[in-house]
Amino acid sequence: MSVESTEIHRSQFMRDVMAETPDGERLVHCLQCGSCGGSCPNGPDMDYTPRAIFSMIAANRRDDVLKSNTMWCCVSCYFCTARCPQEIPITETMYTLKRMAIREGKATEGDAPALARTFTGFVDKFGRAFEVGIATRYLMLNKPMSGLKSMGMGMSMFARGRLSLRPAKIRQTGQLQAIISKARELSKQERRSGGAS
Amino acid sequence: MKYAYYPGCSLEVNSASYDVSTRAVMEKLGLQLDELDDWNCCGATEYFTQDELVATSVIARNLALVDKDHDQLVAPCAACYLNLKKVDKLMCDHADMNAQINQALAAGNLKYKAGRVRVRHLLDVIYTDVGEAALKAKLVQPLNGLRVAAYYGCQVVRPVGEFDNPEYPMKMDEMFQWLGAEVVDYPVKSHCCGGHMTQLSEDMAFEMIRRLLQSAADYRADLILTMCPMCQLNLDAYQGRVNNYFNTNFRLPIVFFTQMLGVALGIDMKKLGFGKELVAAEPVIRAKLEGQAAGATA
């Protein structure tokens, strides 16, 4: 069967997701077999399983998908991707949905975007992940109770020399920042032009 | 053999025992590791949640930094390994991404030719490039009497699954059988530790950790061998909180496979970073190995 024969079933939302996901054109081949949801360690916690998400993407249910918790339950373990008989890049599609939900202001889960922002904020600045800085900043601003409960563990880690209070830093932070700025600029250009990835 | 070495941020401090044991073991095996100069964080999963091109470009900077004298880059961390491997593959397979990433790299006066560097995981290097005969020839302290669960986690074996089975990997099992250990069945060996989920939802994360500890306990493992700093952190540092949460009583040491391999090669445990884990490993290992030695002489 040719791919062209399914062309008419592609919703706008589906086109957008496909364009932003490497090898996203595989999405049209979903058989609705459910191997993905069955393989997912967090499937039971999801509003919709990945199988349902793919069918909702095809049906153009943009808001329902982007406001769901599904992609935020994804821990990038790639079991779904490894098992998908149609070779759909499912985990990468979850990343696309995370990005879209944040960009379009539809993310109902606030902690994961905050963690990502905090983490990359430190990497942008130092070129290395500064664990103590990331955990302290993220937990204090988003999950103070959880931070308190982790204090004992943190002290044990510190006592064993597993936490450093000083960030490591690369030499060429300027070079890294120039690369990041350029990449951001190119991404914005591409989204404005609505081009494929 | 010589390899460029990408330690990754976790190995600098919180999993320094993985770094020191990796360096000690590689030296003992006669393999040269040259740390990549001025490497930057791979971003784990966090840049991918925000911007794909930024994520891939940040990773590609490291590939571009590999000098002409090296064509292989070794990463011990699962997330670093996957990210480096994934970006090289994306650049090989997608001309448009290759062009865009190189455009971003050019802003830092760098470029990377897709496919030039072969990214490898440390386990693959030791299993394949050293191999059974050479490892057995260097075996000083057989691990007889020690029951280990070989835990692989996700991102080394999936989605690429380049050197082992993505569902039921065996390379670490085989390696420790060569060294005399009793490697227990561990049906959840490639299941997920939850990654950063401990920071997002403890309900979800602790259950993922519990399953891994429970299975190892069910198979009466003395300890769990890991090859990922995130897995070590989640199973070791959170073990106490998981016990409180489920009212369980797990006491399973979580040890990097390089630490245990180092013991087998006769390297002093002090030089392998033991003692940094929250659930102490050294007493368990000493008791088992000495018990076995006493049994053998009796």
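In the predicted model, B:Ala75 is in contact, beyond its neighbours within four places in sequence, with B:Tyr6, B:Gly8, B:Cys80, B:Tyr81, B:Leu84, B:Val119 and B:His121. B:Ala75 belongs to strand E3 of chain B, which covers residues 72-75. One of the contact partners, B:Gly8, is 67 residues away from B:Ala75 along the chain, yet a distance of 7.5 Å separates the C-alpha atoms of B:Ala75 and B:Gly8. B:Ala75 is classed as buried because 27 C-beta neighbours lie inside 10 Å, where the class requires 20 or more.

Chain A was examined at the level of domains. The domain assignment divides chain A into domain 1, residues 7-109, and domain 2, residues 111-191. Taken over C-alpha atoms, the centres of domain 1 and domain 2 of chain A are 27 Å apart.

The contacts between the chains were then considered. On the side of chain A, 54 residues are in contact with chain B, where 52 residues take part. At least two residues of this side of chain A come from each of helix H6 (79-83), helix H7 (90-103), helix H8 (111-126), helix H9 (131-142), helix H11 (151-159) and helix H12 (173-193) of chain A. The greatest contribution to the side of chain A that touches chain B is made by H12(A), with 11 residues. By residue class, the side of chain A that touches chain B comprises 28 nonpolar, 15 polar and 11 charged residues.

Notes: Residues are numbered from 1 along each chain as its sequence is written. Chains are lettered from A and ligands numbered from 1 in the order in which they are written. This is a predicted model: local features need pLDDT of at least 70, side-chain atom pairs count only at pLDDT 80 or more; totals for chains, interfaces and linings use all residues. Domain bounds come from an automatic or database domain assignment. Two residues are in contact if their C-beta atoms, placed from the backbone, lie within 7 Å. Helices (H or I, at least four residues) and strands (E, at least two) are DSSP runs, numbered from the N terminus. Ala, Val, Leu, Ile, Met, Phe, Trp, Tyr, Cys and Pro count as nonpolar, Asp, Glu, Lys and Arg as charged, and the others, Gly among them, as polar. A residue is buried if 20 or more other C-beta atoms lie within 10 Å of its own, exposed if 12 or fewer, and partly exposed in between; C-beta atoms are placed from the backbone.
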